[in-house]
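Please walk through the local features of this protein chain with its sequence and model open side by side. The text is meant to be followed residue by residue.

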Amino acid sequence: MALINENFLKLKAGYLFPEIARRVKVFTDGNPEAAKRLIRCGIGDVTEALPEAVRYAMHEAVDEMGDRKSFKGYGPEQGYDFLRNAIADNDFNARGIEVDADEIFISDGSKCDTGNILDIFGRGNKIAITDPVYPVYVDTNVMIGNTGDADENGAYAGLTYLKCNPSNGFVPEIPTERVDIAYLCYPNNPTGAVATRTQLEAWVAYALKNDTILLYDSAYEAFIRDPELPHSIFEIPGARDCAIEFRSFSKNGGFTGVRCAFVVIPKSLKGKTASGETQAIHPLWSRRHSTKFNGASYIVQKGAEALYSPEGKSQTRALIEHYMGNAALLVQACKDAGLAVYGGENAPYVWVQCPAGVTSWQMFDKMLNEANVVITPGSGFGSAGEGYFRISAFNSRANVEEVCRRIGALA
Ligand code: MLT
C-alpha cells in the first residue's frame with residue numbers, strides 16, 4: 001500500500017469554508033422555509049457581474065481562439081507580456097514603485113500561490129503567522145510538514161503566532177525572536193485591519209536585520225481608501241530584498257470564478273542553502289511555475305488586462321465603491337446594535353466582537369437560526385479570533401440592507 005503524507009492527518013476537521021457550507025446545508029435541509037430567506041455573508045465571494053470591459057476583451061479573445069491564424073495553444077507559463085507589462089506599469093511603476101514585468105508571475109489565484117510558494121522553501125524554517133489569520137497559510141504549512149500537532153486550541157506546535165487584537169489594532173507587534181518567514185496580509189482578511197507605512201517600515205527593518213522573508217498578501221489593496229496607506233510592501237524602501245507580494249484580480253475585478261492573480265518576486269530577493277550559500281528566489285519560483293503550471297488561460301489574461309484600460313479602471317472603481325458602500329452600512333448597523341466593530345473602512349470585511357459571553361460559533365448559530373444570515377465565526381481564523389465574527393461586504397445592496405435590518409432586530 002502507498003504511504004500517505006501523514007501531515008494531512010494533523011489538519012483540523014475541515015477547511016473553514018467547507019465546514020460553514022456543511023452547517024448551512026444541515027440548516028437549509030431542515031428548514032426549507034427559512035432557507036428561502038437565507039443571506040450569505042460568510043465566504044468573501046463577489047456577487048456583482050464582471051465588468052463590461054473584461055467581458056468585451058474576453059469575447060474578443062474567444063474569437064481570436066476561433067480563428068486558426070490567431071489561435072493560441074500553450075502560453076508562457078509566467079504569463080503573457082501584455083498582462084505582466086500592464087501590471088508593472090499600472091500597479092507599480094505609475095505609483096513610483098520599482099517592479100519589473102519579469103518579476104511578475106501570473107497565476108490562477110492567490111490561494112494557490114500563497115500555498116504553493118512553500119515548494120521553494122526548505123523544511124525547518126521558523127514560520128510566523130498572525131492570529132487570527134487566513135487559514136490557508138497555516139494549513140499549507142501543516143500539509144508540508146512545517147509544524148507539529150495542534151493543541152486543544154488549534155494552535156500548531158512549531159508555528160510562531162503573532163496575536164492581533166484591538167489593543168494593537170490587529171497589526172501584530174514585531175516579534176521578539178527571529179523567524180525565517182512571516183506572513184502578513186493587509187488590508188487584512190479576516191479583520192479588515194490595515195497596516196500603516198510606519199508599521200510596514202518596522203516589519204521591513206526587522207526582516208532585513210534578521211534575514212526574514214515577508215510573504216505579503218495584498219489581495220485586498222484595491223479597497224484601500226485612505227491615501228496615506230501603502231498598497232504594496234514594495235512602497236517600503238528595502239522591501240525588494242526581503243519580500244514577496246501576492247495580488248489577485250478576484251475581489252477588485254470580480255474574478256473569483258474567472259481565476260487570475262499574480263506573485264511579485266524581486267530578482268534581488270535571496271534565501272540560502274543548508275550549507276550557507278545565498279541563492280536568488282526568483283529563478284526557483286520561475287522553475288517551479290514552469291514545471292507545475294501551464295499558465296493562466298489566454299482568454300482570462302486578456303480579461304485581466306482589460307481591467308487596466310480606462311473603462312476597466314472606472315468599472316473596477318464602481319465595483320469597489322459598491323462593496324465599500326455595503327461595508328459602511330454593515331459597520332453602522334453593528335454599531336447601532338451596540339457591538340464593537342473593526343475593519344470595513346479600507347477592506348471589504350467587517351470584524352465584529354460578539355456580545356459578552358457568546359462564542360464565535362454560538363454567534364454563527366444565532367445569526368443562522370434567528371436572522372438567517374451566514375457569517376464567518378472568528379475562531380475559524382485562529383484562537384485569537386474567538387469571540388469575534390466576520391461579515392463579508394460582498395453582496396447586493398438589497399441583501400446588505402436586509403442584513404442590517406436583521407442585525408437591528410436581533411439586538
Ligand atoms: C474569504 O472569505 O476569506 C475568502 O473568500 C477566501 C479566499 O479568497 O480564498
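The paragraphs below turn from the backbone to the aromatic rings and then to the charged side chains.

Because this is a predicted model, every value given here is computed from predicted coordinates. Along the backbone, two peptide bonds that precede a proline are cis, and the first to visit joins Asp131 and Pro132, where omega is about 5 degrees. Pro132 itself sits in the loop that runs between β3 (127-131) and α6 (135-144). The other cis bond leads from Tyr186 to Pro187, with omega near -10 degrees, and Pro187 belongs to the loop between β5 (181-185) and α7 (197-210).

Two residues that are not glycines have a positive phi, and their surroundings can be set side by side. Phe170, with a phi of about 65 degrees, is found in the loop between β4 (159-163) and β5, whereas Asp211, with a phi of about 55 degrees, is found in the loop between α7 and β6 (213-217). Which of the terms buried and exposed applies to Phe170? Phe170 counts as buried because its relative accessible area is 3%, which falls under the 20% limit. Asp211, by contrast, counts as exposed, because its relative accessibility of 65% is over the 50% limit.

Phe170 also leads into the aromatic rings, among which the count comes to 22 pairs. Phe170 and Tyr342 form one edge-to-face pair, at 5.1 Å centre to centre and with 65 degrees between the planes. This pair links distant parts of the chain, since Tyr342 lies in strand β11 (residues 341-343), 172 residues apart from Phe170. Tyr342 counts as partly exposed, at 23% relative accessibility. Phe170 also forms an edge-to-face pair with Trp351, at 6.4 Å centre to centre and with 80 degrees between the planes. Here too distant parts of the chain are linked, for Trp351 lies in strand β12 (residues 349-353), 181 residues apart from Phe170, and both Phe170 and Trp351 are buried. Ring pairs join these residues into a cluster that comprises Phe17, Phe170, Tyr342, Trp351, Phe381 and Tyr388.

Rings also meet charged side chains in this model. Lys72 lies over the face of Tyr298, at 4.7 Å from the ring centre, and Arg390 lies over the face of Tyr349, at 3.9 Å from the ring centre.

Side chains of opposite charge can pair when their charged atoms come close. The structure holds 24 salt bridges, including one between Lys69 and Asp67, with 3.9 Å from N to O. In that bridge Lys69 is exposed, with a relative accessible area of 78%, while Asp67 counts as partly exposed at 32%.

Another salt bridge brings together the side chains of Glu98 and Arg240, at 3.7 Å from N to O. Glu98 lies in the loop between α4 (81-92) and β2 (104-107) and Arg240 in the loop between β6 and β7 (243-248), so this pair ties together parts that are 142 residues apart in sequence. Arg240 counts as buried, at 16% relative accessibility.

The bridge between Glu305 and Lys302, at 3.1 Å from N to O, lies within one helix. Because Glu305 and Lys302 are 3 residues apart in helix α9 (residues 298-306), about one helical turn separates them. Glu305 is partly exposed, with a relative accessible area of 25%, whereas Lys302 is buried, with 18%. Finally, salt bridges that share partners join Asp91, Glu221, Glu245 and Arg247 into one network.

Technical notes. Residues numbered from 1 in each chain as written. Predicted model: local features only at pLDDT ≥ 70, side-chain atom pairs only at ≥ 80, totals over all residues. Heavy atoms only, no water. Helix = DSSP H or I, 4+ residues; strand = E, 2+ residues; numbered from the N terminus. Buried < 20%, exposed > 50% of the residue type's maximum accessible area, 1.4 Å probe, protein only. Phe/Tyr/Trp six-rings, centres within 6.5 Å; stacked < 30°, edge-to-face > 60°. Lys NZ or Arg CZ within 6 Å of the ring centre and 35° of its normal. Salt bridge = Lys/Arg side-chain N within 4 Å of Asp/Glu carboxyl O.
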